[in-house]
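Colleague: Mind walking me through the labels on this one? I'd like to see each value held up against its cut-off.

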Protein chains: 2
Amino acid sequence: MSYIRYHWGPSHTMAATPAPSADSPEGATPAFSPLYQQIKGLILQSLQAGEWKPGEAIPSEMDLAARFRVSQGTVRKAIDELAAENLVVRRQGKGTFVATHAEQHVRYRFLKLVPDTGEAGPAQRSILECRRQRASAEVARALQLRTGDSVVQVRRVLSFSGVPTILEDMWLPGNPFKGLTAEQLDAHQGPTYALFELEFGVRMVRAEEKIRAVAADAQQATLLAMPEGAPLLSVERLSYTYNDVPMELRRGLYRTDTHHYRNELN
Amino acid sequence: MSYIRYHWGPSHTMAATPAPSADSPEGATPAFSPLYQQIKGLILQSLQAGEWKPGEAIPSEMDLAARFRVSQGTVRKAIDELAAENLVVRRQGKGTFVATHAEQHVRYRFLKLVPDTGEAGPAQRSILECRRQRASAEVARALQLRTGDSVVQVRRVLSFSGVPTILEDMWLPGNPFKGLTAEQLDAHQGPTYALFELEFGVRMVRAEEKIRAVAADAQQATLLAMPEGAPLLSVERLSYTYNDVPMELRRGLYRTDTHHYRNELN
DNA sequence: CAGTGGTCTAGACCACCAA
DNA sequence: TGGTGGTCTAGACCACTGC
């Protein structure tokens with residue numbers, strides 16, 4: 001087989017090549033990407049399209065190599081990056097699987113609050129509210145909607161060993177989350193993000209958090225059994241699905257008298 | 001050349017193989033590592049030993065391959081991991097360089113506090129204190145010293161646009177940081193961790209942070225120009241050099257009325 | 001132009017898993 | 001035993017940097 005200059009794109013029989021992103025028509029910067037990046041993009045498309053569901057195995061490296069007409073090593077490097085981004089999990093001897101918030105060994109991947117001493121126990125959830133409403137300007141901006149668009153708001157309290165520790169408000173775009181109810185949230189076991197995958201086909205892939213120290217107002221203090229004015233950790237999280245599409249805005253208030261937010265710097 | 005079963009270790013002429021970690025003498029779990037991991041370990045040793053200084057180039061992949069008697073691809077994979085851990089920086093066409101907190105494009109790698117609006121400006125530092133003392137039980141435990149061992153304590157305030165924003169206490173083990181003075185800290189430009197590299201040969205490689213919301217006491221409030229009892233972000237950081245040796249305990253109090261702690265979740 | 005890191009291939013073999 | 005991911009090699013060529 002003739003060698004393919006990797007800046008040319010997948011060429012030959014590869015169907016529907018997805019264009020290498022926004023390019024100035026005849027711009028000075030070609031901005032082509034290496035073959036393995038293009039392969040990564042194609043696999044990513046299949047993931048988004050739901051060709052393989054969360055928890056399922058994707059085709060073997062050899063199969064993908066045949067499908068894309070490249071060597072196994074090239075597919076391998078593409079999958080390496082997907083694995084590094086936690087979109088996919090490799091299991092030696094078994095295969096490569098679509099990552100999921102459900103079966104994952106590291107459950108509650110996005111919750112960085114840990115007890116000062118001992119192991120993290122299970123959380124008791126109590127849903128205070130779950131209703132559709134119109135997006136405020138702030139929520140609309142974060143979720144890339146228009147002010148007044150339909151959103152679902154959920155408010156809940158998480159307790160550990162019976163102690164209320166987290167007060168959370170979540171805002172979800174109304175369209176993908178049509179039909180979300182408090183009962184559903186109540187009944188479901190495990191991470192909320194696993195419910196989103198199963199019931200609504202929405203996989204959260206990454207998130208950004210803005211953290212502040214704030215003083216508890218009267219209502220917050222009551223719900224968390226703290227004195228009014230007590231310092232709380234405010235964690236504002238914006239979660240994204242594939243393609244950097246924001247899908248959830250969450251504002252958590254954490255008690256940090258018995259727990260702390262743990263972060264690792266590299 | 002005969003093929004080397006990579007579970008045998010570097011074998012042939014490689015001098016002073018560093019032993020593949022603690023092994024039960026005839027234990028059931030061999031726990032050998034692949035060749036590229038062993039190479040990574042050897043490169044790591046040279047980094048620790050200071051064979052190449054921060055900012056300098058390490059030998060080319062071909063040179064290292066020759067030195068260790070392995071293929072370029074194997075060296076490459078070793079360096080890939082070192083680069084992923086920010087111990088080393090690759091520059092196409094130029095070489096691979098020992099990472100440094102000084103020349104690095106991402107200065108203040110460990111400081112995650114950013115202004116709510118606009119770009120992060122330069123910080124004004126004011127050293128309040130710098131003295132040798134005996135380690136308290138808590139400090140000793142964190143730095144793996146004995147209670148009463150010599151430590152250096154530094155207290156300082158960082159201001160942005162003239163507004164005091166961060167109040168920090170740092171504790172450093174007395175031995176490696178012999179001779180650290182307030183004048184030195186005052187005179188130095190750029191990240192403090194760059195000073196540690198240049199003057200004391202200590203490179204901070206990673207860190208862990210525990211974050212809490214606390215109420216400002218009288219003294220803290222004064223230093224940060226806030227009312228007493230105002231909520232502040234408490235950031236307790238333990239920084240490590242090579243080999244997971246803790247080298248600095250730092251406790252920062254951040255004002256979060258105009259700034260926030262930014263974190264990315266994957 | 002030579003030297004460096006970056007990409008790609010083809011092929012061999014190893015380690016792990018399930019049937 | 002066959003299939004999957006994981007390691008290792010050897011060699012070719014590309015892209016970027018600096019002389």
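Modeller: Sure, starting with a term: buried means under 20% relative accessible area, exposed means over 50%, and partly exposed is in between, with a 1.4 Å probe and protein chains only. This is a predicted model, where local features need pLDDT of at least 70, side-chain atom pairs count only at pLDDT 80 or more, and totals for chains, interfaces and linings use all residues. Residues are numbered from 1 along each chain as its sequence is written, chains are lettered from A and ligands numbered from 1 in the order in which they are written, and side-chain values use heavy atoms, with hydrogens and water left out.

Colleague: Which residues of helix 3 of chain B are called buried?

Modeller: B:Thr74, B:Val75, B:Ala78, B:Ile79 and B:Leu82. Their directions from the helix axis to the C-beta atoms define an arc, and because that arc is only 130°, they sit on the same side of helix 3 of chain B. An α-helix has 3.6 residues a turn, so residues three or four places apart point the same way.

Colleague: How do you know that the span of helix 3 of chain B agrees with the expected one?

Modeller: Helices are DSSP runs of H or I with at least four residues, strands are E runs of at least two, and both are numbered from the N terminus. The expected span is 1.5 Å times one less than the number of residues. For the 13 residues of this helix (72–84) that gives 18 Å, and the end C-alpha atoms are 18 Å apart, so the two agree.

Colleague: What makes a residue count as near DNA strand C?

Modeller: One of its heavy atoms has to lie within 4 Å of the strand. That picks out 23 residues, with A:Leu35, A:Thr74, A:Lys77, B:Arg76 and B:Arg90 coming nearest. Sugar and phosphate make up 87% of the DNA strand C atoms within 4 Å of the protein.

Colleague: Why is the pair between B:Arg76 and a phosphate oxygen of DNA strand C called a polar contact?

Modeller: The term needs a pair of N or O atoms within 3.5 Å. A side-chain N or O of B:Arg76 is 2.8 Å from that phosphate oxygen, so the pair qualifies. A:Ser71 also has a side-chain N or O at 2.8 Å from a phosphate oxygen of DNA strand C, while B:Glu61 uses a polar backbone atom, at 2.9 Å.

Colleague: What does A:Gly93 approach on DNA strand D?

Modeller: A base nitrogen, 2.8 Å from a backbone N or O atom of A:Gly93. B:Gln92 instead has a side-chain N or O 3.1 Å from a sugar or linking oxygen of DNA strand D.

Definitions and conventions:
Polar contact = N/O pair within 3.5 Å; in protein donor to acceptor, adjacent residues only side chain to side chain.
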